[in-house]
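Visitor: Got a minute to walk me through this one? I'd like to start with the ligands and then look at the fold.

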Amino acid sequence: MPKYALLIDYEYCTGCESCVVACKMEHDMPIGKWGIRVHDDGPWQMNEEHEGGKSFNWNKIPVPTDMCDLCADRLAEGKKPTCVHHCLAFCMDFGTIAEMAAKLAEKPKQVLFAPCDCDIDLPGADDFVIPTAKAAAGPRPRPKMAPKPPALRA
Ligand code: SF4
Ligand code: SF4
């Protein structure tokens with residue numbers, strides 16, 4: 001039985017493909033092979049029932065492939081999967097299936113993947129919690145405003 005999963009909040013995925021590149025680099029994957037791919041769903045116009053047909057379906061949905069081993073070597077060192085670590089939108093998460101399912105129940109437009117039944121060597125598998133990307137990053141800092149230029153003299 002798989003114990004661990006990736007939870008991806010595709011509502012906030014920008015399609016930047018940092019996860020794709022990080023995964024290829026980490027696992028030294030050759031051209032034409034991937035551990036995760038970003039699928040493009042849209043854009044296409046919704047029906048009349050959805051805001052009078054004015055809204056569009058357009059989602060970027062990252063999907064791990066059969067080559068995903070959930071970054072077993074990194075996990076054994078206490079690190080997060082590299083795709084989670086490098087996601088610029090903080091929309092990827094990793095943990096036990098139970099933890100990720102609980103988060104999925106709180107919000108729609110997420111997908112839960114258990115891509116492998118890998119023999120991941122984590123201490124105390126049932127109570128070990130890897131810091132999530134959001135928790136590790138803490139609250140997002142407010143962007144600094146550029147200082148106003150000095151007033152021009154006439
Ligand atoms: S968990 Fe690791 S192997 Fe799986 S998609 Fe993410 S980076 Fe690739
Ligand atoms: S790194 Fe994050 S935002 Fe970028 S494509 Fe992957 S899941 Fe989406």
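Visitor: Which residues are around ligand 1?

Guide: This is a predicted model, so keep that in mind throughout. Around ligand 1 you'll find Cys23, Glu26, Gly35, Ile36, Pro64, Cys68, Asp69, Leu70, Cys71, Pro81, Thr82 and Cys83.

Visitor: And which elements give two or more residues to that shell?

Guide: Helix 1 (18–27) and helix 3 (82–86) do.

Visitor: How does the shell around ligand 1 split by class?

Guide: There are 8 nonpolar, 2 polar and 2 charged residues in the shell around ligand 1.

Visitor: OK, over to ligand 2. Which residues come nearest?

Guide: Its surroundings take in 16 residues, and those that come nearest are Cys13, Cys16, Cys19, Cys87 and Ala89. Two or more residues of that shell come from each of helix 1 and strand 3 (56–64).

Visitor: What's the class split for that shell?

Guide: For ligand 2 it's 11 nonpolar, 3 polar and 2 charged.

Visitor: Helix 1 keeps popping up. Which of its residues are buried?

Guide: Cys19, Ala22 and Cys23 are the buried residues of helix 1. They sit on the same side of helix 1, because the arc they cover around the axis is only 100°.

Visitor: Why would residues three or four places apart point the same way?

Guide: An α-helix has 3.6 residues a turn, so that spacing brings them round to the same direction.

Visitor: What do the buried residues of helix 1 pack against?

Guide: Strand 2 (36–45), strand 3, helix 3 and strand 4 (92–96). Take Cys19: leaving out residues up to four places away in sequence, Cys19 touches Ile36, Pro62, Cys83, His86, Cys87 and Met92.

Visitor: What about Ser18, buried or exposed?

Guide: In between. Ser18 is partly exposed, because 18 C-beta neighbours lie inside 10 Å and buried would take 20 or more. Ser18 belongs to helix 1.

Visitor: What is Ser18 in contact with, leaving aside neighbours within four places in sequence?

Guide: His86, Cys87 and Leu88. Ser18 and His86 are 68 residues apart in sequence, yet their C-alpha atoms are 6.3 Å apart.

Visitor: And at the other end, what follows helix 1?

Guide: Asp28, with a positive phi near 50°.

Visitor: Let's talk about the largest nonpolar core. Which members touch the most others?

Guide: That core has 22 residues, and Leu6, Ile8, Cys19, Cys83, Cys87 and Met92 touch the most other members. Strand 1 (4–8), helix 1, helix 3 and strand 4 each give two or more residues to this core. Strand 1 gives the most, with 5 residues.

Visitor: Zooming out, how many helices and strands does the protein chain have?

Guide: It has 5 helices and 5 strands. Along the sequence the pattern reads β-α-β-β-α-α-β-α-β-α.

Visitor: What share of the protein chain is buried?

Guide: Of the 154 residues, 22% are buried. As for contacts with a separation of 6 or more, 68% join residues 24 or more positions apart.

Visitor: Last thing: what's the mean pLDDT of the protein chain?

Guide: The mean is 86, with 79% of residues reaching 70 or more. Residues 124–128 have pLDDT below 50, and beyond near neighbours in sequence that stretch has 3 contacts in the model.

Note on methods. Residues are numbered from 1 along each chain as its sequence is written. Chains are lettered from A and ligands numbered from 1 in the order in which they are written. This is a predicted model: local features need pLDDT of at least 70, side-chain atom pairs count only at pLDDT 80 or more; totals for chains, interfaces and linings use all residues. A residue is near a molecule or strand if its C-beta atom, placed from the backbone, lies within 6 Å of it. Helices (H or I, at least four residues) and strands (E, at least two) are DSSP runs, numbered from the N terminus. Ala, Val, Leu, Ile, Met, Phe, Trp, Tyr, Cys and Pro count as nonpolar, Asp, Glu, Lys and Arg as charged, and the others, Gly among them, as polar. A residue is buried if 20 or more other C-beta atoms lie within 10 Å of its own, exposed if 12 or fewer, and partly exposed in between; C-beta atoms are placed from the backbone. Two residues are in contact if their C-beta atoms, placed from the backbone, lie within 7 Å. The arc is that of the directions from the helix axis to the C-beta atoms. A nonpolar core is a set of buried Ala, Val, Leu, Ile, Met, Phe, Trp, Tyr and Cys residues joined through C-beta atoms within 7 Å. pLDDT is the predictor's confidence in each residue, from 0 to 100.
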